[in-house]
Amino acid sequence: MKTILITGAAGDVGTHLRRELAGRYRIRASDLRPLKKIAQETFLRADISKMSDALRITKSVDAVVHLGGYSVEGPWEGILNANIIGCYNVFEAARRNGVKRILFPTSNHATGFYRLDQTIDHRVYPKPDSRYGVSKVFGEALASLYADKYGMQMFCMRIGNVNPVPIDKRRLSILFTPRDLAQLVTIGIEHPQIHFEIVYGVSGNQRSWYDNSNAIRLGYKPQDDSETFAAEVLRREQPGDPTAEQYQGGMFVVAEEIPNPAPLPKKRPARSQLANKGRKK
Ligand SMILES: NC(=O)c1ccc[n+]([C@@H]2O[C@H](COP(=O)([O-])OP(=O)(O)OC[C@H]3O[C@@H](n4cnc5c(N)ncnc54)[C@H](O)[C@@H]3O)[C@@H](O)[C@H]2O)c1
């Protein structure tokens, strides 16, 4: 039986996935915060923004499902530590420990500035809608580097919304049910010919914005379609932000945690002042 490390295991996706994969793999769950163990899994508490922790948790595993990180838009410092530094640490620690395969949950927000009337596949260039989206593009780029430079097997899932049921109209297009998630993750772990792949982590939704032919090519046969819930969801739907409603990323295209960068000072300080400042340091 393969041993799989799941980082961010205490989170929403990790909790669904651990339940779905219990008994199929030997699971090593890891997170910054404690979790309630499922079945036979082991738990290692770790902060992935520290390389020493990343090295400790990635020892002697067959694959890493790297879910740990900042999962919404937020201040740059949080995104930087968890999603940029944390992602680098996990990929690099896996490489140093000889782990060949990594599954990375990128996001619909890596391509959130595509419009709702566009159908996109795995070959489009990213159009992130947030700092969070940018961090996911970073993870995809890092995965590409580790595949090409170090021969690692990198499986990037641009996840829509993991949920047993769609919660609003937008999620009708990006629902990803736990059993479809488990199927796609299993393909990511088991497929014999993974080098660097991008697939969309969504169920077989009729209202999808994605041409998910790359996942289908790798054997993905989603079992669920959000259409089952469409009438009920649409009956409840309230009008939303008019800008957000034009783009696939929804509210992330308008969400803002920090004000725009401060305007440049009107007058440049004199050279002598700059020199003094430098010396004081
Ligand atoms: N939930 C979704 O539908 C969805 C959609 C697209 C992408 N994703 C991605 O999937 C992953 C999991 O999402 P989620 O919804 O379960 O998020 P979540 O916020 O529920 O869980 C993330 C987990 O990561 C842990 N974490 C954060 N910083 C950490 C650190 N420095 N070290 C160790 N652990 C740390 C948190 O404690 C948390 O348990 C994330 O990378 C997210 O961006 C999720």
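**Legends to the close-up views**

**View A. Serine 60 lies in the loop between α2 (51-57) and β4 (63-66).** Helices (H or I, at least four residues) and strands (E, at least two) are DSSP runs, numbered from the N terminus. The model is predicted, with residues numbered from 1 along each chain as its sequence is written, and side-chain values use heavy atoms, with hydrogens and water left out. Local features need pLDDT of at least 70 and side-chain atom pairs count only at pLDDT 80 or more, while totals for chains, interfaces and linings use all residues. Serine 60 is not a glycine, yet its phi is positive, at about 55 degrees. Most residues other than glycine have a negative phi. Serine 60 is exposed, because its relative accessibility is 63%; buried means under 20% relative accessible area, exposed over 50%, and partly exposed in between (1.4 Å probe, protein chains only).

**View B. Alanine 39 is another residue with a positive phi that is not a glycine.** The phi angle of alanine 39 is about 45 degrees. Alanine 39 belongs to the loop between β2 (26-31) and β3 (42-45). With a relative accessibility of 59%, alanine 39 counts as exposed.

**View C. The ligand has 24 residues around it.** A residue is near a molecule or strand if one of its heavy atoms lies within 4 Å of it. Val13, Asp31, Ser71, Tyr132 and Val162 come nearest to the ligand. At least two residues of the shell come from each of α1 (12-21), β5 (101-107), α4 (131-150) and β7 (161-162). Strand β5 gives the largest share of the shell, three residues. Sorted by class, the shell holds ten nonpolar, nine polar and five charged residues. Ala, Val, Leu, Ile, Met, Phe, Trp, Tyr, Cys and Pro count as nonpolar, Asp, Glu, Lys and Arg as charged, and the others, Gly among them, as polar.

**View D. Oxygen atoms of the ligand lie close to N or O atoms of tyrosine 132, valine 162 and aspartate 12.** A polar contact is a pair of N or O atoms within 3.5 Å; within protein, one must be able to donate a hydrogen and the other to accept it, and residues adjacent in sequence count only if both atoms are side-chain atoms. At tyrosine 132 the N or O atom is in the side chain, and the distance to a ligand oxygen is 2.5 Å. At valine 162 a backbone N or O atom is 2.8 Å from an oxygen of the ligand. For aspartate 12, again a backbone N or O atom, the distance to a ligand oxygen is 3.0 Å. On its own the ligand has 810 Å² of accessible area, of which the protein covers 87%. Accessible areas come from the Shrake-Rupley method with a 1.4 Å probe; for residues, only the protein chains shown count as cover.

**View E. Phe91, Phe104, Tyr146 and Tyr150 form one aromatic cluster.** Rings of Phe, Tyr and Trp (its six-membered ring) pair if their centres lie within 6.5 Å; planes under 30 degrees apart count as stacked, over 60 as edge-to-face and the rest as tilted. The rule gives a count of eight aromatic pairs. Phenylalanine 91 and phenylalanine 104 are an edge-to-face pair, because their planes stand at 90 degrees, with ring centres 5.8 Å apart. This pair links distant parts of the chain, 13 residues apart: phenylalanine 91 is in helix α3 (residues 76-96) and phenylalanine 104 in strand β5. Phenylalanine 91 is buried at 0% relative accessible area, and phenylalanine 104 is buried at 4%.

**View F. The charged end of arginine 95 sits over the ring of tyrosine 150.** A charge sits over a ring if NZ of Lys or CZ of Arg is within 6 Å of the ring centre and within 35 degrees of the ring normal. For arginine 95, the distance to the centre of the tyrosine 150 ring is 4.5 Å. Lysine 127 lies over the face of tyrosine 114, 5.7 Å from the ring centre.

**View G. Glutamate 197 is in strand β9 (residues 196-201).** Glutamate 197 is buried, with 11% relative accessible area. The side chains of glutamate 197 and arginine 217 make a polar contact of 3.2 Å.

**View H. Leucine 218 lies in the loop between α7 (213-217) and α8 (230-236).** Leucine 218 is buried, at 7% relative accessibility. From C-alpha to C-alpha, leucine 218 and valine 199 are 9.3 Å apart in space, and 19 residues apart in sequence. Asparagine 205, in the loop between β9 and α7, is buried at 6% relative accessibility.
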